[in-house]
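I opened my notebook to record, entry by entry, what I looked up in this structure. I wanted each entry to start from a plain question and end with what I found.

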Amino acid sequence: MEQAMALSRFGVIHLSLLCLFNVSTTESYHSIARVFSRATQFSVNARRSSNENLRILSLRGGVEDEKEGIILPFGGPNPKDEFDTSDEDTAAQPKSDTIYVPSDVKSVPEAVERGCGTFKRYLRMPSPGPDGLIEPEIDEYGVIMTEDDHEWIEGTGQKIVLSCGQFSWGEWSERRQTYTYPKLIVVNSTLNIAGEEGTCCCGQWLLLESSGGSFRNMMCRSNQYRAGKGGGLCMHFEGGSWSLAGCQLRCEAGAMTTVLAVSGPSRVTITTCLLARLDGVAIGPSGYGVVVWEDGTVTAQDSDMVELKVAVHCAHQASVQLVGCHVKHCRFGLYLTDAAQARASDCRFEGNYMGAVCVGVHGRG
C-alpha cells in the first residue's frame with residue numbers, strides 16, 4: 001500500500017510537471033533538463049569564490065578544481081560559509097566615519113592601524129653557510145640585523161576620537177629589558193585624531209613622508225628615555241603637512257629628548273599649544289621643544305614654550321615662524337645654525353637665562 005501511494009504521488013508530480021510545460025512527454029524531459037541546467041549554471045556564477053581556482057557547485061555537492069577538472073567532496077562546515085566572502089566584505093565596510101577609543105577598539109595603536117593603515121614587515125634572512133647554519137649579524141643590543149622589506153597596508157580612512165583617560169604604548173619593561181609592542185606608532189597616510197578633555201597619549205609617533213593630518217585637543221608625551229637604546233622623541237615628522245591645535249606636548253627630561261622633531265619636507269603648524277618637559281621630573285630647563293632641520297618648516301602661533309633647554313632649534317635650510325608665542329624659563333629661546341631662517345612677531349621672550357636668541361654659524365634671524 002505504501003509503495004502504491006508513493007508511486008501515486010510520483011505520478012501526480014510527473015503529471016504536474018507535464019502540465020506545467022504543456023508539451024509532449026519527450027519534449028518535457030528536454031525542457032526540464034534545460035531549466036535545471038540553467039539554474040545550475042546561474043547558481044555557479046552567482047556564488048563564485050574569490051579563489052580563482054575553486055568554485056561552489058551546490059547542486060553537485062562538492063568543489064570543482066577548474067585546473068584539474070575533479071570534484072572534491074565537502075566536509076565540515078557549510079561550503080558557503082567557507083568560500084563566500086560577501087558577508088565578510090559587508091562587515092569590513094566602516095559603519096561610521098569615526099573610530100571611538102575605547103568603545104570601538106581598545107587601544108590607540110589598534111585604532112590607527114584600522115583607520116590609517118599599518119606597515120607589514122618582511123624579513124629576508126641570510127643564506128645558510130657551508131655548514132648549513134644561518135648566522136645573521138647581531139648588534140650590540142642582541143638584536144638580529146636583517147634586510148627588511150616593507151609594505152604599507154591602507155586603512156579605512158576613518159577619523160579617531162579618544163575618550164578621557166590615558167593611553168600608553170612602547171613602555172620600557174624592566175623584566176624583559178625591552179620596549180612593549182609597539183615601540184612607536186608609524187603613520188604613512190592621512191591621520192586625523194582628536195581627544196576629549198583629559199585625554200593623554202603616552203608614546204612615540206613616527207610620521208613618514210607620505211603622511212599628513214591633524215592632532216586636536218589632547219596631551220601627547222614621550223615615555224621613553226633610555227641612554228643608548230633610543231627613545232626620547234614625542235613626535236618625529238619626516239614629511240607631509242600636519243596641524244596641531246589645542247594640545248599639550250611634553251617630553252621626558254634628558255640631554256637630547258625632544259617634543260617635536262621636524263625633518264625632510266615636513267610642514268608643521270602649531271596653534272594654541274603648550275610645549276614643555278614633564279612636570280616634576282627635574283629641576284631647571286631640560287629637553288628641546290622643537291628641533292627642525294633639512295627643509296622642514298614650522299609655524300607656531302599663540303603657543304607657549306616653557307622650561308626647556310632650547311625652545312626652538314633650527315638648522316640646515318629649515319625655517320621657523322613664531323607669531324604671538326610666549327617663550328619663558330628656557331636656556332635658549334631661539335637657536336639658529338647653518339642656513340636656517342626664523343621670524344618672530346608679537347612674541348614675548350621671558351627669563352631665558354642664556355639668551356632669547358642665539359645665532360650660530362650662518363644662522364639668520
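In which sense do strands β25 and β28 pair, and over how many bridges? I kept in mind that I was reading a predicted model. I found that β25, which covers residues 288–292, and β28 pair in the parallel sense over four bridges. For one position in this pairing I looked up Tyr288, and its bridge partner in β28 is Val310.

**Entry on strand β28**

I then turned to β28 itself, which runs over residues 310–314, and noted that four of its five residues are buried, so I wrote it down as mostly covered. I also found that β28 pairs with strand β31 (residues 332–336), in the parallel sense and over four bridges. In that pairing I saw His313 standing opposite Tyr335 of β31. I added a reminder from general knowledge: in a regular strand the side chains alternate between the two faces of the sheet.

**Entry on Ala315**

Next I looked up Ala315, whose place is in the loop between β28 and β29 (319–323). Is Ala315 buried or exposed? Its relative accessible area is 11%, and because buried means under 20%, I recorded Ala315 as buried. Leaving aside neighbours within four places in sequence, I listed its contacts as Val292, Trp293, Glu294, Thr337, Asp338 and Ala340. I also noted that Ala315 and Ser263 are 52 residues apart in sequence, while their C-alpha atoms are 9.9 Å apart in space.

**Entry on aromatic pairs**

I looked up the aromatic pairs and found that the count comes to six. Why is the pair of Trp169 and Trp205 called edge-to-face? The ring centres are 5.4 Å apart and the planes stand at 85°, and since planes over 60 degrees apart count as edge-to-face, the pair takes that label. I noted that this pair links distant parts of the chain, with Trp169 in the loop between β10 (165–168) and β11 (172–173) and Trp205 in strand β16 (residues 204–207), 36 residues apart. Trp169 counts as buried at 3% relative accessibility, and Trp205 is buried with a relative accessible area of 2%.

I then recorded Phe332 and Tyr335, whose ring centres are 5.3 Å apart with planes at 80°, so this pair is edge-to-face. Phe332 counts as buried at 13% relative accessibility, whereas Tyr335 counts as partly exposed at 24%. I also wrote down one aromatic cluster, formed by Trp169, Trp205, Phe215, Phe237 and Trp242.

**Entry on the nonpolar core**

How many residues does the largest nonpolar core have? I found 56 residues in it, and those with the most contacts inside it are Leu191, Trp205, Phe215, Met235, Leu244 and Leu260. I followed Met235 further and saw that, not counting residues up to four places away in sequence, it touches Trp205, Phe215, Cys220, Leu244, Leu249, Val259, Leu260 and Ala261. I noted beside this that in soluble globular proteins nonpolar side chains tend to be buried together.

I also looked up Gln204, which lies in strand β16 and counts as buried at 7% relative accessibility. A polar atom of the Gln204 side chain lies 2.7 Å from the backbone oxygen of Leu233.

**Entry on salt bridges**

Last, I looked up the salt bridges, of which the structure holds three. In one of them the side chains of Glu252 and Arg221 meet at 3.4 Å, N to O. This pair links distant parts of the chain, since Glu252 is in the loop between β21 (248–251) and β22 (258–262) and Arg221 is in strand β18 (residues 219–221), 31 residues apart. I recorded both Glu252 and Arg221 as buried.

Where in the chain do Arg277 and Glu307 lie? Their side chains meet in a salt bridge at 3.1 Å, N to O, with Arg277 in strand β24 (residues 274–277) and Glu307 in the loop between β27 (304–306) and β28, 30 residues apart. Arg277 counts as buried at 5% relative accessibility, but Glu307 counts as partly exposed at 30%.

I closed with Glu350 and Arg348, whose side chains meet in a salt bridge at 3.9 Å, N to O, and I noted that Glu350 counts as partly exposed at 35% relative accessibility.

Methods:
Residues numbered from 1 in each chain as written. Predicted model: local features only at pLDDT ≥ 70, side-chain atom pairs only at ≥ 80, totals over all residues. Heavy atoms only, no water. Buried < 20%, exposed > 50% of the residue type's maximum accessible area, 1.4 Å probe, protein only. Helix = DSSP H or I, 4+ residues; strand = E, 2+ residues; numbered from the N terminus. Pairing = 2+ DSSP bridges. Phe/Tyr/Trp six-rings, centres within 6.5 Å; stacked < 30°, edge-to-face > 60°. Salt bridge = Lys/Arg side-chain N within 4 Å of Asp/Glu carboxyl O. Contact = heavy atoms within 4.5 Å. Core = buried A, V, L, I, M, F, W, Y, C linked by side-chain atoms within 4.5 Å. Polar contact = N/O pair within 3.5 Å; in protein donor to acceptor, adjacent residues only side chain to side chain.
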